[in-house]
Every structure is written in structure tokens, then in C-alpha cells.
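Welcome! Here is a friendly tour of one structure, taken a few places at a time. Keep the view open as you read.

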Amino acid sequence: PFDVLVIGGGPAGASAAIYAARKGIRTGIVAERFGGQVMDTMGIENFIGTKYTEGPKVAASLEEHVKEYNVDVMNLQRAKRLEKRDFVEIELENGAILKSKAVILSTGARWRNVGVPGEAEFKNKGVAYCPHCDGPLFAGKDVAVIGGGNSGIEAAIDLAGIVNHVTVLEFAPELKADSVLQDRLNSLPNVTVITNAQTKEITGTDKVNGITYINRETGAEKHIELQGIFVQIGLVPNTDWLGDTIERTRFGEIVVDKHGATNIPGVYAAGDCTDSAYKQIIISMGSGATAALGAFDYLIRN
Ligand code: FAD
């Protein structure tokens, strides 16, 4: 069996694997796709200490760094079941069962897509998901935020300080965000809120140049010219496969303590799949290190 088995090969998983392997213990990492969300990212400007880099580059250097150590890397493998017996058992989609004294879950999350024409085509060409990451790219420009929940309104308030103008498009008849956020939003001079708006298409040539939506009350089709669109309709943790064994929030995020421990002894978690307050590369890496040190502490006590 492994001493530590990491499930997920994004920034959190890579960090956890390296911290575990550096303790000289038997470490493995299972990843459906090594690199995780970073593989879908173009420019990265907030990886502190590195002014600018690109996602695929970061993903490659994560893999290279992990391979410096004696880590059993199982790429392109998906975990489908976790069970705690004498060891923690992980069943893979290919039928194999891996056993480990401790497991670190770092399966990340995915942004919910609006699923309209143009979204996939213009990803990283005007369509963005993370205001902390990509907001500054739209300085002085006109943008839309799709989604009027807390994350959408937080994004709109954040972006309003950077861009020329923000249009918020909400599908429902009213915004869902907390009223304190709505009050703050309403106090801003460069924000327009449109409710009952069903996004129909994201338009552009080589980059985004506008968005078309349908007014759900009147059926009228409207087009707005703009340069950027932030999709803020939810970040879904990749935790469905865990069933009810591991305590999760109502959003599906794994509940962890300050050591990265879950409710099951020997099972730790890190990164975007957890209930961490913010989801970023450096935050995931930090929590991966925390979970590995937490798991090591567990091993020397048991
Ligand atoms: P992920 O990166 O999601 O990695 C999860 C890993 O788990 C992957 O290897 C995946 O294949 C694997 N996995 C999932 N399910 C299973 C399973 N059942 N079995 C086995 N493996 C599984 N953050 C920044 O700090 N700066 C930025 O500029 C930035 N830009 C972004 C741009 C985009 C387009 C996106 C989508 C995100 C961006 N982020 C950015 C956020 C950042 O990428 C994430 O916070 C970070 O990647 C989370 O790391 P993670 O390891 O927790 O999860």
C-alpha cells in the first residue's frame, strides 16, 4: 500500500505529492488530467514571484517537479469510489483498487458554462471565468457579467473599479445576491443590471465583440457591444464520486479543518474541491502542502 495517495493532479495535488514525497514516504498520485484547470488557462499574472506565465507551462513544470521525486504518477486515471477499511481504498474507473494509509483528495472544480454559441470559441479571447485572474486584462473596456448571484455581483463590483462599464445579465426576474452586495452594486455609476435576460450568443471575430440576449418578458432580442464576458454561474467541485462518505457542504465542497483533514481519519483534502474561501493557484498549492503535512502527522501518530 501507499503511505499517501493523492487524487488529482492540479496545483493542489502536485504540491501535496511533493510535500509527501519529501518525507521519504511511499507516495502516489492519480490524475484524470495532470495540470487540472491550469491546462485551460492562458496568461497567469498572479502566480506570485512570476510576473507572467502561461497555464500549460505551469502544468508542465508541476509534472516535472513531481517527477523529481519518487512518486508513482498514474495519469489519465479517474477515481470512482473511496472506502475506508483498514486502509483507505480508492477504486479507479479501470477497475483497479489502490490502498493507502492516507489519501489526499484534490480533484478540483469546474466553472459551470452558459453553453451558448461563442462561449467555447472565445474562451481566453474575451470569455473569462475568474475576475481575480483576468479582470486587469479588461482595464478601460466594456464587459458583461453573466449571473446575478453572490459571485456574479462580487465580480461586477470588483470589475467596476477596473473596467469602463459593467453590464450584469441575470436570467431570473431579480438578482439573487445578498442585499448588502446589491446595495453596493447600485451605488456604482458604471454598472447596468438587466434581469430576465437569457444569454443567446457570444459574438466576435478573433475576439469577443458583443453579447446577444433575449428579454424573457417581451421575447425581444438585444445585442450589446463589449470586449469581455465573465461567466459567473457557479464553480462545481469534482466531488460527486465521493457519495456520502465524506462530509461536504451544500455546494458539494469537501469540509476540511486547518490541517486539511476531513471527517474520515486518514482522508485529507486540498484546493478547489474543498470549502476554502477562495479558489486560486497559490491558495491551492498552499492547501496541498498543508494537507500533506497533516497526513504525515496522522501517519506518525497511527
Ligand atoms: P484543479 O486544477 O481543478 O485540478 C484537479 C485535478 O483533479 C485535475 O488533475 C483533474 O484531472 C483531477 N481529477 C478530477 N476528478 C478526478 C477523479 N475523479 N479522479 C482522478 N483525478 C481527478 N488561478 C489563479 O491563481 N490565477 C489565474 O490566472 C487563474 N486563471 C484561471 C483561468 C481559467 C480559465 C480557470 C478555469 C481557472 C483559473 N484559475 C486561476 C483558477 C485555478 O486554475 C484553480 O484555482 C486551480 O487550478 C485549482 O487547483 P486544484 O489542484 O485544486 O484543482
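Which residue in strand 13 is the bridge partner of Val168? The partner is Val193. Before going further, please note that this is a predicted model.

## A parallel pair and its crossover

Val168 and Val193 are bridge partners, and they give a good starting point for looking at two strands. Strand 12 covers residues 165-169 and strand 13 covers residues 191-194; the two run parallel and are joined by four bridges. To get from strand 12 to strand 13, the chain passes through helix 5, residues 179-186. This β-α-β crossover is right-handed.

Just past this pair you can look for Asn196, whose place is in the loop between strand 13 and strand 14. Its phi is near 55°, a positive value in a residue other than glycine. Asn196 has 16 other C-beta atoms within 10 Å, so it counts as partly exposed.

## A second asparagine with positive phi

Asn124 also has a positive phi, near 65°, and is likewise not a glycine. You will find Asn124 in the loop between strand 9 (109-111) and strand 10 (127-128). Is Asn124 buried or partly exposed? It counts as partly exposed because it has 15 C-beta neighbours inside 10 Å.

## Helix 1 and what surrounds it

Now turn to helix 1, which spans residues 11-21. How many of its eleven residues are buried? Eleven of the eleven are, so helix 1 is largely enclosed by the rest of the structure. Among these buried residues are Pro11, Gly13, Ile18 and Tyr19. The cover over them includes strand 1 (2-7), strand 2 (27-31), helix 2 (55-67), strand 5 (71-75), strand 8 (97-105) and helix 6.

Helix 6, residues 281-301, deserves a look of its own as a packing partner: its axis and that of helix 1 are 7 Å apart, at an angle of about 35°. The crossing of helix 1 with helix 6 is right-handed. On the helix 1 side, the residues that meet helix 6 include Ala12, Ser15, Ala16 and Tyr19. On the helix 6 side, they include Ile281, Met285, Gly288, Ala292 and Phe296. The residues of this contact comprise 13 nonpolar and five polar ones, with no charged residue.

## Phe2 in strand 1

Strand 1, part of the cover over helix 1, holds Phe2. Phe2 has 22 other C-beta atoms within 10 Å, so it is buried. Leaving aside residues up to four places away in sequence, Phe2 touches Arg26, Thr27, Gly28, Leu98 and Ser100.

Another residue to find from here is Ala102: it lies 100 residues from Phe2 along the chain, yet their C-alpha atoms are separated by 7.8 Å.

## An open antiparallel sheet

The last stop is a sheet of three strands, open and antiparallel, in the order 14-15-16. Which strands are at its edges? They are strand 14 (197-204) and strand 16 (221-225), each of which pairs on one side only. On average, neighbouring strands here are turned by 25° against each other, with direction ignored.

Look at strand 15 (residues 208-215) beside strand 16: five bridges link them in the antiparallel sense. Here Ile214 stands opposite Glu221 of strand 16. As you follow these strands, remember that side chains in a regular strand alternate between the two faces of the sheet.

Technical notes: Residues numbered from 1 in each chain as written. Predicted model: local features only at pLDDT ≥ 70, side-chain atom pairs only at ≥ 80, totals over all residues. Pairing = 2+ DSSP bridges. Right-handed = clockwise from strand over helix to strand, strands pointing away. Axes fitted to C-alpha atoms, helices over the stretch in contact; angles between N-to-C directions. Left-handed = near helix turned anticlockwise from the far one by under 90°. Contact = placed C-beta atoms within 7 Å. Nonpolar A, V, L, I, M, F, W, Y, C, P; charged D, E, K, R; others polar. Buried ≥ 20, exposed ≤ 12 C-beta atoms within 10 Å, placed from the backbone.
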